[in-house]
Amino acid sequence: MKISSAEFVISNSDVAKCPKDRLPEYAFIGRSNVGKSSLINMLTERKSLAKISGRPGKTQLINHFIINKNWFLVDLPGYGYARVSKSAKKVFQKFITEYFSKRAQLVSAFVLVDSRHEPQKIDLEFMQWLGENQIPFSIIFTKADKLTKTKLPLNIEQYTNEMLKYWEEMPNYFITSSSSGLGKDQVLDYIREVNQQLAKS
Ligand code: GTP
Ligand code: MG
């Protein structure tokens, strides 16, 4: 899919104030610093559409971007970031779970996990929660450029084995790098296909 326009729409902490347009929406979620905002910039080929930082906790609100004037891409705060105060962390988690349970326009989530790390409890629990709430998702393995060509498939295999302890099959997944652009076409083609199916139904 070619991205001809990508514009910031609104940031907020209240799901009731998110855009009312009935456009298909895709949300990027995962632990702080996993690379959600970087991936959004890579996919849209806009260097600073979403704000990036080396320090975890950069994205603190629900951020809507409108792509090609016909679908929304959503950048969310990371979960599991301990350095924000306990009360602030609670607020993030509440509005994140509210966003996922109330946002009718949400078509699918992308759960980002760092391809370098072993499966993390918080990610597995979050995917479990999505499953229980019947929210479709794909996994995106990020920062693939930081692994060697031999280590990367080993880590994906290890992750798959862990997922198969809880899931009948491995969810749909993508391997990406925001620095090399790896996975860009696959993620965008997937979104295009889902949008086309929705338009037909
Ligand atoms: P929060 O908003 O804090 O939840 O973080 P985030 O998930 O949005 O992460 P962000 O995109 O801000 O990236 C965090 C750090 O990882 C930044 O220093 C990025 O430059 C770096 N980074 C993100 N993606 C990649 C990648 O694919 N490869 C490499 N090498 N670095 C990456
Ligand atoms: Mg971010």
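Contact here means heavy atoms within 4.5 Å. With that in hand, the predicted model can be walked through from Ser5 onwards.

Ser5 sits in the segment just before strand E1, which runs over 6-12. Leaving out residues up to four places away in sequence, Ser5 touches Arg46, Ile66, Ile67, Asn68 and Lys69. Its relative accessibility comes to 14%, and because the cut-off for buried is under 20%, Ser5 counts as buried.

One of those partners, Asn68, has a backbone oddity of its own. Asn68 is not a glycine, yet its phi is positive, at about 50 degrees. Asn68 belongs to the loop between E3 and strand E4, the latter covering 71-75.

A positive phi also turns up at Glu45, again in a residue other than glycine, with a value near 55 degrees. Glu45 comes right after H1, in the loop that leads from H1 to strand E3 (62-67). Is Glu45 buried or exposed? At 60% relative accessibility, Glu45 counts as exposed, because the threshold for that class is over 50%.

Helix H1 itself is another story. H1 is mostly covered, with eight of its nine residues buried. The buried set is made up of Lys36, Ser37, Leu39, Ile40, Asn41, Met42, Leu43 and Thr44.

Ahead of H1 (36-44) comes the loop that links it to strand E2 (25-30), and Ser32 is found there. Ser32 has a relative accessibility of 16% and so counts as buried. Along the chain, Ser32 and Gln60 are 28 residues apart, while their C-alpha atoms are separated by 10.0 Å.

Now for the ligand. How many residues surround ligand 1? There are 22 of them, and the closest are Lys36, Ser38, Gly57, Thr59 and Ser178. Of these, Lys36 has already come up as one of the buried residues of H1. The space that ligand 1 takes is the largest pocket.

Several polar atoms of the protein come up against oxygen atoms of the ligand. The side chain of Ser38 offers an N or O atom at 2.6 Å from an oxygen atom of ligand 1. For Ser178 it is a polar backbone atom, placed 2.7 Å from an oxygen atom of ligand 1. Gly35 likewise contributes a polar backbone atom, with a distance of 2.9 Å to an oxygen atom of ligand 1. As for cover, ligand 1 taken alone exposes 650 Å², and the protein buries 85% of that.

Back in the protein, strand E2 includes Glu25. How much relative accessible area does Glu25 have? The figure is 0%, so Glu25 is buried. What does the side chain of Glu25 pair with? It makes a polar contact of 3.0 Å with the side chain of His64. Setting aside neighbours within four places in sequence, Glu25 is in contact with His64, Phe72, Val74, Tyr99, Arg103, Gln105, Leu106, Val107 and Ser108. The acidic side chain of Glu25 thus has its polar partner in His64, in a residue whose relative accessible area is 0%.

Definitions and conventions: Residues numbered from 1 in each chain as written. Chains lettered and ligands numbered in written order. Predicted model: local features only at pLDDT ≥ 70, side-chain atom pairs only at ≥ 80, totals over all residues. Heavy atoms only, no water. Helix = DSSP H or I, 4+ residues; strand = E, 2+ residues; numbered from the N terminus. Buried < 20%, exposed > 50% of the residue type's maximum accessible area, 1.4 Å probe, protein only. Near = heavy atom within 4 Å. Polar contact = N/O pair within 3.5 Å; in protein donor to acceptor, adjacent residues only side chain to side chain. Areas by Shrake-Rupley, 256 points an atom, 1.4 Å probe, with all protein chains shown as cover. 1 Å grid on protein atoms, 1.4 Å probe; cavity = no way out; pocket = protein on both sides within 12 Å on 5 of 7 lines; lining within 4 Å. Sits in = over half its atoms within 2 Å of the grid points.
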